[in-house]
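Visitor: Hello! I would like a close look at a single part of this structure, followed outward as far as it leads.

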Amino acid sequence: MSNFPVAFIVILSIISLAGIGFYCLLATRNMIKVIIGLQLMVKGVAMAFILGGNLTGQVNLAQTMALTVIVADTIVAVMGLALAVQVRHRLGTLDIKALSTLKR
Amino acid sequence: MNSVLITLGLIALPLVAAPIIYLFGRTSVRKQRLLGMTLAKLLTLLVLVLEGLLIYLGVQVWVAGGSVATNIGTIQVGLDGIGLIVGTIAVGLGFCVVIFSIPYMENENGEEKYYALLLTLIGSIVGLACSMDLFNLWVWFELMAISSYFLVAFYNEQPASLESGFKYLTQSAVGSALVLFGIAILFSTTGSVAMWSVWSNATSGTPIVYAAAALIIVGFGIKAALVPLHTWLPDAHSQAPSGISAMLSGIVIEAGLVAMLRTLSVLAQTHFPSGIILLVFGCVNILAGNLLALRQVEVKRMLAYSSIAQVGYMLVGFGVAILSSSYVAAAGGFFHMLTHAMMKGLAFLAAGAFLYVLHIGKGEHTALVLDDLNGAAKKYPVVAFLLSLALLGLGGLPPLAGFMSKWQILVATAGVNSTLMICIVIFVALNSVLSLAYYVPVINRLYRLNISETAAAGRSISWIMVLPMVILAVGIVVIGVWPSLANFLTFNAAASLMYPFGV
Amino acid sequence: MNLILILLVIGLPWLGAFIVLLAGDKHEKLQHVLAVAFSLAAGAAAIMLLPNVSKAVVISLPAGTVFGNFTFVADGLSVFLTIIATVIGSLAVIFSTSYMHGEAQIGRYYAFVLYFIGAMAGLVLTSNMLLMFLFWEITALCSYALISFNNDDPKAVRGGIKALIITSVGGVGLLLGALLIFVYTGSLSYSAILGGNASLPANILAVLAFGFLIAAAAKSAQFPFQTWLPDAMEAPSPISALIHAATMVNAGVYLLARFYPVFKDVPYWREAVMVVGVLSALMAAIMALVSTDLKRVLAYSTVSQLGYMVYAIGAGSVFASQFHLFSHSIFKALLFLAAGAVIHSVGTRDMTKMGGVGKKLPYVKWVFIVGALALAGIPVFNGFWSKEMILEAGLKGGSIVYYSVMVFVAGLTALYTIRAVWMVFYGEPRSDYHAHKVGLAMKIALAPLALAAVVSWLAVGRFSLLFGANSLPFHNIQPFGLKEMFHEVIALSTLIPLAVITLGILCWVFRSKLGGLVKAFNWMRWLAEHSFGFEGINTGIVKATEASAESLRTTQTGIFSWNLLAVLGTIIIFFVLFAIGA
């Protein structure tokens, strides 16, 4: 762990990215922002893979995985945005509160 | 056929076929809709039959003493016991659902996408079950999730459908992010994502490994509907097209559970207390699921909640298996997975058939409530009988399949010589009785003499819809009177699961 | 030979059930004929088992691993109960051809009756605990389906579900016992533990013993589970006669009798069994005294008589209990079928609206009186002999307190029986009813039962041979002929119950002069009408469950942020637990 301070900083940023993402999910009411929160979370996790590759010396593998994660997550984001578009189309709002009719 | 070809075929076939099916359906939309769609449906069925054949060939290789596995780059994939049972359920249930959907989805907007995505869903579940690599497992899991998002929100002009789709998407995406985080941590600490090398490298229970395990349980737990992570489930199950509800309940949530078990088995040497955690979640799931279902008036929502309870039985089985290194318990868990797929599949298909003939077939997207079913047996005797059969099976009444699988789980639980386990047996059995309190009144309604207005005005039912239900019903009864038929599947799966735990 | 017969006894009714369903409700006549044919065939097969009674395992189908070998044994106890199930089943089916004539969905009715007959035979014939539990639950399922046969009547549906839930709750005891037997002996067959070849640890044996007692109490409608049986009276009368008087409710007694040899040494077990029997007998008799619904009176009396049987097992006399079971099945089936004929004819179950029915239906009146005399324990009728034998056994094997209560209950039995007979058949009509003619099939079904209620006790010698060393090895029951029975029953101590019974009858005769006494017991009447609070407990449990279900439902808010908060909360709980653990 010769590059300890760097690793430390990266760990901090991973946790804060994931935390900000989750907070965004919890707190925001706009559907687009919810998707952004999801993206933030996953980007933090992708960084965790890079860090892992760096720590264990398997940078290639780590980068491959991080790229795969980004691709997969983009698809999810696209799906989410498509749904958001439909919701805006049908309900005329992007407020997440409009999506609480199914309960009990 | 050699094992490499079998493995690759098993995984690649549905994914290669799915776009072709879409194209068949798509190109024909403007010109000759009928021809193209028929071809698409037939191709879907053909691919599923081929998948079944490949699984069968894989088993033949197995029985001859070989192993069905190969490497794609550094990624190891192979058909082991778990892959066999999950693949069988996915392909078998998928086959029934595809047949059921032929009349159900007829002329829906986007019909051609439906079959392509359904096949992708099935293919991704098979892939997930065959994967021997943590990251690859996640990729299949994500593919399964993505294909199911679309299917859940299929009726994209219905607000309720969109709502459930969006909630499902976000919660599921959060789950997969958590899983990924856990896998990243494991990768950082062990330097690998291949299951066996993680298994051999992760030997001590450091806090960081425990954190990874917790994230993985919660992440996969969202998909597997562990209470309190289950909140997406009743919405998604009740709003999806009925065939998809059957798939979601019958195999998708179980696929989440299987992925969780695979990952936990990798951590077997770290003494992570996964057994007790699963057991606790199991008991909570059973009780919460039953209570939540008790006062439901929407049929599909009730079935959805009952899925939460049924997953609880599997969790109890697997929890006991891991806790006490019990082979029988693991086999019981897988057995319940199999029987639940048949029973809940049948229940959702039958409920879906009612939903179709009473509401959706007439273009109304209202929910099927219990009152609609009053006296339905008079007009739809076969479907009413099949629904009753499925519900009685789910309630654990003999001689149906559900009783036998619960029995196996309970035998194993009682086999752990402790007072706590006896209490769990009593708790689980009493909950089975509690579940009767919501299954049985539905049956009473079906057999009333005074038919409800909705049921009286229903359309006639197509035999194509009934056919897959009959197949499932026969399976339920046959397994119920001859439970050891399933032993080959369940005990091989148990062997694969318990091997990393040193059993 | 036995192999084929056992397969026939179980298989024929099940096949019949299937065929009757297939015949379709459009061919009602065909359905009647088919049902009668299949049930009679099963009865014949069961009777043919009689000469071949043996303790040997007849069939053993290996089902593998945790399911054990599916074994069947045609020993004395099994064959006796099989015959009861199939023969009374046939009579009930014959009765039904007239009783259920013209009802809708008759196919479903017969299918479940036949399914029940097969399952009941299976329950007593199998020696595999898994199969026993399986058949146990099937009988509960059939009972539920038949109680709520009339699905449009909410009372019938509620009664059916109540019966199913309560018997299933008790079934948990049997399930647990079956599991423990498997875990500790490695086999699901009960013969290993009955023969003493496999010894269980004492605490496990106690769990087993009391678990089976709970199961038996729930199935046989004993204290504290007795509330389901009166509500089960919404079923058609032949069902009440078959399932809720003659067969299924005996399954609990059968279970206790079957396992008596191993359980008898469990501390407090026999005591508990006797207490259950005594309390059930007493409370049910008092409730029968105040009920005005003819079928409910009979239901309470069933609970009460089953209490006698349970008491006899606790007192150590399995034979007396089984002998009373034999008599009871006959006279109670007779009473229920006769009551069914009355109800079918008059159109009400309320005794306050009857009165003077005897003049219009003399045949039914006489057979009902035969049944009533047997129930009351009047000499020469079969109920007298078996009840006296139980009381004798109780005097020898249990405390004098229990004995005196049971003697008192015998008096109460006589009292409520004569009350019912009087209110239904004598006096002036208290409402404007039309008595329809009773169908020929009903009369045919009643005749053999009435005859048997008078003479069945003569068969005691043959009956006891069923329980001999070759056919029931672990119970150690000696042959017991007519001579021994006379010797035992015609004794000085018999005078006490007889006197009490006479007193009970006299109480009814001079009821107008006992006004003060009746008033003094008004509090008891109030208690009995409220079923001693057990109905309240049931309702309380149901309400509490429903309330918790409703409150749990509010956690499904449908609000997106709450859902994600639950996820976050779960992660935090995990981390906190690990932090504490580490």
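Which residues does B:Gln408 touch, not counting residues up to four places away in sequence?

Guide: Happy to show you, and please keep in mind that this is a predicted model. B:Gln408 sits in helix α16 of chain B, which covers residues 401–415. Leaving aside residues up to four places away in sequence, B:Gln408 touches B:Val328, B:Ala331, B:Gly332, B:Phe335 and B:Phe491 in chain B, and also C:Val66 and C:Phe67 in chain C. The relative accessibility of B:Gln408 is 0%, so this residue counts as buried.

Since those contacts reach into chain C, let us look at where the two chains meet. Here 68 residues from chain B are in contact with 54 residues from chain C. Between them, chain B and chain C bury about 5,400 Å², with 76% of that area on carbon and sulfur atoms. On the chain B side, B:Arg295, B:Trp407 and B:Asn444 lose the most area to chain C, together 14% of what that side buries.

What about charges and polar groups at this interface? Side chains of opposite charge can pair when their charged atoms come close. Between chain B and chain C there are 2 salt bridges. In a salt bridge here, the side chains of C:Glu550 and B:Arg295 meet at 3.2 Å, N to O. The interface also has 12 residue pairs in polar contact, with both residues at pLDDT 80 or more. Helix α17 of chain B gives the largest share of the side that touches chain C, namely 13 residues. The residues on that side of chain B divide into 50 nonpolar, 12 polar and 6 charged.

Helix α17 of chain B also takes part in a salt bridge inside its own chain. B:Arg445 pairs with B:Asp371, and their closest N and O atoms are 2.9 Å apart. B:Arg445 lies in helix α17 (residues 419–446) and B:Asp371 in the loop between α13 (327–358) and α14 (376–379) of chain B, so the pair ties together parts that are 74 residues apart in sequence. B:Asp371 has 46% relative accessibility and therefore counts as partly exposed.

Elsewhere in chain B, B:Glu111 forms a salt bridge with B:Lys41, the closest N and O atoms being 3.3 Å apart. B:Glu111 belongs to helix α4 (residues 111–130) and B:Lys41 to helix α2 (residues 33–63) of chain B, so this pair links parts that are 70 residues apart in sequence. B:Glu111 counts as buried because its relative accessibility is 2%, and B:Lys41 counts as buried at 9%. Chain B also holds a network of salt bridges that links B:Glu163, B:Lys167, B:Asp235 and B:Arg301. Over all chains, the count comes to 19 salt bridges.

Now let us step into chain C. There C:Asp231 forms a salt bridge with C:Lys162, the closest N and O atoms being 2.7 Å apart. C:Asp231 lies in helix α9 of chain C and C:Lys162 in helix α6 of chain C, so the pair ties together parts that are 69 residues apart in sequence. C:Lys162 counts as buried, because its relative accessibility is 15%.

Those two helices, α6 (154–185) and α9 (228–231), are also among the elements that cover the buried residues of helix α8 of chain C. Helix α8 of chain C (residues 202–219) has 18 residues and reaches 25 Å from its first C-alpha to its last, close to the 26 Å expected at 1.5 Å a residue. Its buried residues include C:Ile204, C:Leu205, C:Phe212 and C:Lys219. After this helix comes C:Ala221, whose phi is positive, near 55°.

One of those buried residues leads us on: C:Lys219 is touched by C:Ala251, which also touches C:Met120, C:Leu123 and C:Trp136, not counting residues up to four places away in sequence. C:Ala251 is in helix α11 of chain C, and at 0% relative accessibility it counts as buried.

Finally, chain C also meets chain A, where 10 residues of chain A are in contact with 13 residues of chain C. These two chains bury about 1,000 Å² between them, 68% of it on carbon and sulfur atoms. In chain A, A:Phe22, A:Leu26 and A:Arg104 lose the most area to chain C, together 59% of what that side buries. Between chain A and chain C there are 0 salt bridges.

Note on methods
Residues are numbered from 1 along each chain as its sequence is written. Chains are lettered from A and ligands numbered from 1 in the order in which they are written. Side-chain values use heavy atoms; hydrogens and water are left out. Helices (H or I, at least four residues) and strands (E, at least two) are DSSP runs, numbered from the N terminus. Buried means under 20% relative accessible area, exposed over 50%, partly exposed in between (1.4 Å probe, protein chains only). Contact means heavy atoms within 4.5 Å. The expected span of a helix is 1.5 Å times one less than its number of residues. Buried area is the accessible area (1.4 Å probe) that two parts lose on being put together, summed over both. A salt bridge is a side-chain nitrogen of Lys or Arg within 4 Å of a carboxyl oxygen of Asp or Glu. A polar contact is a pair of N or O atoms within 3.5 Å; within protein, one must be able to donate a hydrogen and the other to accept it, and residues adjacent in sequence count only if both atoms are side-chain atoms. Ala, Val, Leu, Ile, Met, Phe, Trp, Tyr, Cys and Pro count as nonpolar, Asp, Glu, Lys and Arg as charged, and the others, Gly among them, as polar.
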